[in-house]
Amino acid sequence: CHLIHYLRLSHHLIVLNYLICTFDKLKSVSSEDINITDAVFDGVEVRVFEPPAKRDERLKRSVVYIHGGGWALASARTSLYNNLCRIMAESLNAVIISVEYRLVPEVCFPEQFHDALRATKHFLQPDVLAEYSVDPSRIAISGDSAGGNLAAAVCQQLSKDEHLTIRPKLQALIYPVLQAFDFNTPSYQQNMNMPVLPRYVMINYWIDYFNGNYDLAYSLLINNHTALDVGQALSFRRRLNWTSLLPSSFKKNYKPVIQTTGKAEIIREIPALLDVRAVPLLAENETLQLQPKTYILTCENDVLRDDGVMYAKRLENAGVEVTLDHFDDCFHGCMIFTIWPTDFSAGIQTRNSYIKWLDENL
């Protein structure tokens, strides 16, 4: 894929996603237990999973789910996410709305955020909820990885919308990517070469999401964009001080990487690096106080571990009830790997824990 990109035959992400979807995409086929249909919510494609109505049951609970893939890969229609959402619908007896937001390189930030927000707001309309027999008081927003990023950002935006009459009861974030301020948190240092999501790959995902230049990758890696002399970053520094937000078991013996002098032009070229719609961990406390009851799943062998742990701590400090579900022996992306040939015990373990929390709290 990178050779194709280098030769300018196509963008490597287009090729990679084409290969993924060609071999994996499922048609909208309903099972005996779950009715699966495709719809369009305010111009955004979604896949809807509906369990059959039960006797004497009037309204169901619901989850809006946003898939991962670095804002560039995968689909609500691939077997991995199709299987996850079907199992969620069956286990929770809930209506699952899986958002098919547009991907890099077709669009870049903030379009993925806008797609997820538009689809969610459309679903939260009373007449739409009534159409799907959903209880307005029992709705969760959820997502994994980049989808967890979008879910958190959407939840923050909804909490500030004074015109919204129906709001989510819960948010559930699965190993979410929440910040591009510091690529040297302990988990980034500890897992920099970990398979599935090495640090350089995550940095490249951010660059692609922001339609930036790959030449900036090394400067981002060593935190030149948030050096002490970069004035735009100073006001955000206290919101992402991992030395105070992480427990000692996660900090271990790692040291902060804070450059004295850096490159302020990086922020001028890519201002989205400090845009809370892209980096929800940088939100102000007044916004965090408005967030619903929250579940955050993190994995030890994941560069994004500390993103989730820091967000949990900031939400907790803001008075939000938070469940941090940490797995010492799991890795980034594991929850969707539950079907052959990638049926891992880590996937079953994390998925069961996630669904159990939803079942008990939604």
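Helix α3 is mostly covered, with ten of its 14 residues buried (under 20% relative accessible area; exposed is over 50%, partly exposed in between; 1.4 Å probe, protein chains only). The model is predicted: local features need pLDDT of at least 70, side-chain atom pairs count only at pLDDT 80 or more, and totals for chains, interfaces and linings use all residues. Residues are numbered from 1 along each chain as its sequence is written, and side-chain values use heavy atoms, without hydrogens and water.

**Helix α3**
- Helices (H or I, at least four residues) and strands (E, at least two) are DSSP runs, numbered from the N terminus.
- α3 covers residues 79-92; at 1.5 Å times one less than its number of residues, it should span 20 Å, and its end C-alpha atoms are 19 Å apart, which agrees.
- Its buried residues include Tyr81, Leu84, Ile87, Met88 and Leu92.
- Asparagine 93, just after α3, takes a positive phi of about 50°.

**The sheet**
- Eight strands form an open sheet with mixed pairing, in the order β1-β2-β4-β3-β5-β6-β7-β8 (two strands pair if DSSP finds at least two bridges between them).
- β1 (35-41) and β8 (322-331) stand at the edges with a single partner strand each, so one side of each lacks a neighbour in the sheet.
- On average, neighbouring strands are turned by 20° against each other, direction ignored (axes are lines fitted to C-alpha atoms).

**Around β6 and β7**
- β6 (residues 170-174) and β7 (residues 293-301) run parallel, joined by five bridges.
- Isoleucine 174 stands opposite leucine 297 in β7.
- Helix α15 (residues 305-317) packs on the sheet and touches β6, β7 and β8 (heavy atoms within 4.5 Å).
- The direction of α15 makes about 150° with that of β7 (helix axes are fitted over the stretch in contact; angles run from 0 to 180 degrees between N-to-C directions).
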